[in-house]
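Thank you all for coming. I would like to walk through a few places in this structure, one after another, and please have the sequence and the view open as I go.

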Amino acid sequence: MKQILTIFLLFACLRSNAGEIIVNEQGNIHEALRKAREWRRTNDPRCKGGITITLEEGHYYMNEPLFLRPEDSGTKESPLVIRGSGKHKSVICGDPRQKHTQIWPIKEQGDSSRQEVMERMIDFNPANRTITIPTPPQNVLQTKNLEMVVHQRWAIAILRVKEMKVEGDKTVVSFMEPESRLEFEHPWPQPVIGGDRGNSSFLLRTTEQRDGIEQLAIIDGANYVRFEGLTFNRTCWNRPLHKGHVTLQGGFPLVDAYKLKENPGLPWDEGLENQAWIERPVSAVTVRNTHHVDFYSVVFENLAATALDFVDNVSDCIVQKCTFGGIGGTAIMGGSFAESPREVHRPYTDLAERCQRLTIKENFVVDAANEDWGAVGIALGYVRDCTISSNYANFLSYSGICIGWGWTPHDTGMRNNRITDNTVKNYARQLYDTGGIYTLSNQPNSVISDNKISQPHPAPYATNDRAFRIYLDARTDGFTIENNTTEGRLIRRDEIGDNHPGPNIIFKQ
């Protein structure tokens, strides 16, 4: 009798029509995917015209990611579609994000601003690996599991506090490993003492000490897959709980870094003094080793790190009319950023071809980089033939749309990239050395045109004034820039930030 009841319940939760598998809230998405896979394996007639897995309205908790393998691939004539039943109420979800409580400095009562309140540090000492701050209140000094969030112009560091030694009105703070070594050995970014606009800032906070679900779906080797009308909601970010978080740029954590003490420099940059190896931030939805994986009208919300990431060996993918809100890291990421074991400051010629023909259009990105302020709205690294068009990006801690990597004038294969008709507003809310649109390195035959970009937000804790509507950072070259506007007028050439751009920048008014 128990076996009959089990079979009946499974049938009720997972049923199929011709070419469609329907899952209700008591069902199992993994089982539905296995069923579709068996149809492919046996060449079932229901594969003709495509297989659709439809999730009925409800919340589908993932204690492990949905893993799409090469065997789950569709074809151009018979794709695999995973969709919600309507109105984005089919929710694939994990755990609620870890909570943080800022305990010093404290906002004044009635301050409804979402901008964190920070305090200026007194000293940053790489030799002793300490930061000196004004002495906090006694209750803060007695609090366990403290983190210090450090403002570093274009990035942040999250440092787990090891010890606080009170010396009158000053307190010397030391930190746990490995973040202490990374923070004090790597020369850039570091906190600024005595900068153009004062010393760098910090805040102290507690954190909910628990690990949670970080990933909801991994598409690895499965081609011709389409996600439509779903919501991905709630993930955690566990790394800072165990390792802290010291970044190079764009939210990429350092795994090793140090300053060159002898014979610094490279042929194109004699002043280069830093060596750095990074890893990729975790993402709620990960795509790699595939082509023709599309996301249409999908909602990504309340995700603690990266939302959607096209990591490596991807081509011909589309992200269209999706909504990203409440994202802790970068909303949409794609292409290699020369992650470890490679050192990031050297030119690589084999990476750009590993992310081609990615199209990101008509998406709505609001409130990204709210956990790691150095992350961005949309970020592409080593890529070619990619298009970022007609997107709306608003309420961002650092840059809005970024493309390129490598800090090099040499040919790396990056080329034919287009950033057109986007709207970028309310960026640079926390960090500077930034742009509404931000570029790096040589990208021949690329275009930045017809974008509407607001002026940078007057970030109150920035230690310099380097924030631009368009920022051509280290060795940018190969772009044609035309018909971009701000506050209803054309952006002038003298309003575009330059940092050693190449000779092949074409500016058209």
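Let me begin with a side chain that meets the backbone, that of Gln98, which reaches the backbone nitrogen of Trp237 at 3.1 Å. I should say straight away that this is a predicted model. The same side chain, that of Gln98, also reaches the backbone oxygen of Arg210, at 3.0 Å. Gln98 itself is found in the loop between β7, residues 90–93, and β8, residues 100–104, and with a relative accessible area of 10% it is buried, because buried here means under 20%. If we leave aside the neighbours within four places in sequence, the contacts of Gln98 include Thr207, Glu208, Asp211 and Gly212, and also Cys236, Asn238 and Leu241.

From there I move to another loop residue, Leu216, which has its place between β15, residues 201–207, and β16, residues 217–220. Leu216 is buried, with a relative accessible area of 0%. Its contacts, again without the neighbours within four places in sequence, include Met62, Pro65 and Leu66, then Ile92, Cys93 and Gly94, and further along the chain Phe232, Ala284 and Leu303. The C-alpha atoms of Leu216 and Pro96 are separated by 13 Å, with these positions 120 residues apart along the chain.

Now to helix α2, which covers residues 29–41. Its 13 residues reach 18 Å from the first C-alpha to the last, close to the 18 Å expected at 1.5 Å a residue. Where do the buried residues of α2 fall, seen down its axis? The residues in question are Ile29, Ala32, Leu33, Ala36, Arg37, Trp39 and Arg40, and they fall within an arc of 155°, so they line one face of the helix. As a reminder, an α-helix has 3.6 residues a turn, so residues three or four places apart point the same way. On the other side of α2, Arg34 and Arg41 are exposed. As for the two ends, at the start of α2 a side-chain oxygen of Asn28 reaches to within 2.8 Å of the backbone nitrogen of His30, while just after α2 Asn43 takes a positive phi of about 55°.

The next stop is Asp256, in strand β20, residues 254–259. Asp256 is partly exposed, with a relative accessible area of 29%, and a polar contact of 2.9 Å joins its side chain to that of Arg181. Not counting residues up to four places away in sequence, Asp256 also touches Leu182, Gln275, Ala276 and Trp277. The C-alpha atoms of Asp256 and Glu279, which are 23 residues apart along the chain, are separated by 9.6 Å.

Arg181 brings us to Ser180, whose place is in helix α4, residues 179–185. Ser180 counts as buried, at 3% relative accessibility, and beyond its neighbours within four places in sequence it is in contact with Arg129 and Phe175.

Let me finish with the empty space inside. The structure holds four cavities of 30 Å³ or more, and the largest cavity has a volume of about 120 Å³. Of the 16 residues that line the largest cavity, the closest to its centre are Gln249, Gly250, Phe337, Cys402 and Trp405. Strands β32, residues 378–380, and β35, residues 401–403, each supply at least two residues of that lining.

Technical notes:
Residues are numbered from 1 along each chain as its sequence is written. This is a predicted model: local features need pLDDT of at least 70, side-chain atom pairs count only at pLDDT 80 or more; totals for chains, interfaces and linings use all residues. Side-chain values use heavy atoms; hydrogens and water are left out. Helices (H or I, at least four residues) and strands (E, at least two) are DSSP runs, numbered from the N terminus. Buried means under 20% relative accessible area, exposed over 50%, partly exposed in between (1.4 Å probe, protein chains only). Contact means heavy atoms within 4.5 Å. A polar contact is a pair of N or O atoms within 3.5 Å; within protein, one must be able to donate a hydrogen and the other to accept it, and residues adjacent in sequence count only if both atoms are side-chain atoms. The expected span of a helix is 1.5 Å times one less than its number of residues. The arc is that of the directions from the helix axis to the C-beta atoms. On a 1 Å grid over the protein atoms alone, a cavity is a set of points where a 1.4 Å probe fits but cannot get out, and a pocket is an open set with protein on both sides within 12 Å along at least five of seven lines; lining residues have an atom within 4 Å of a point. Grid points are joined across faces, edges and corners, and a volume is the space filled by probe spheres set on the points.
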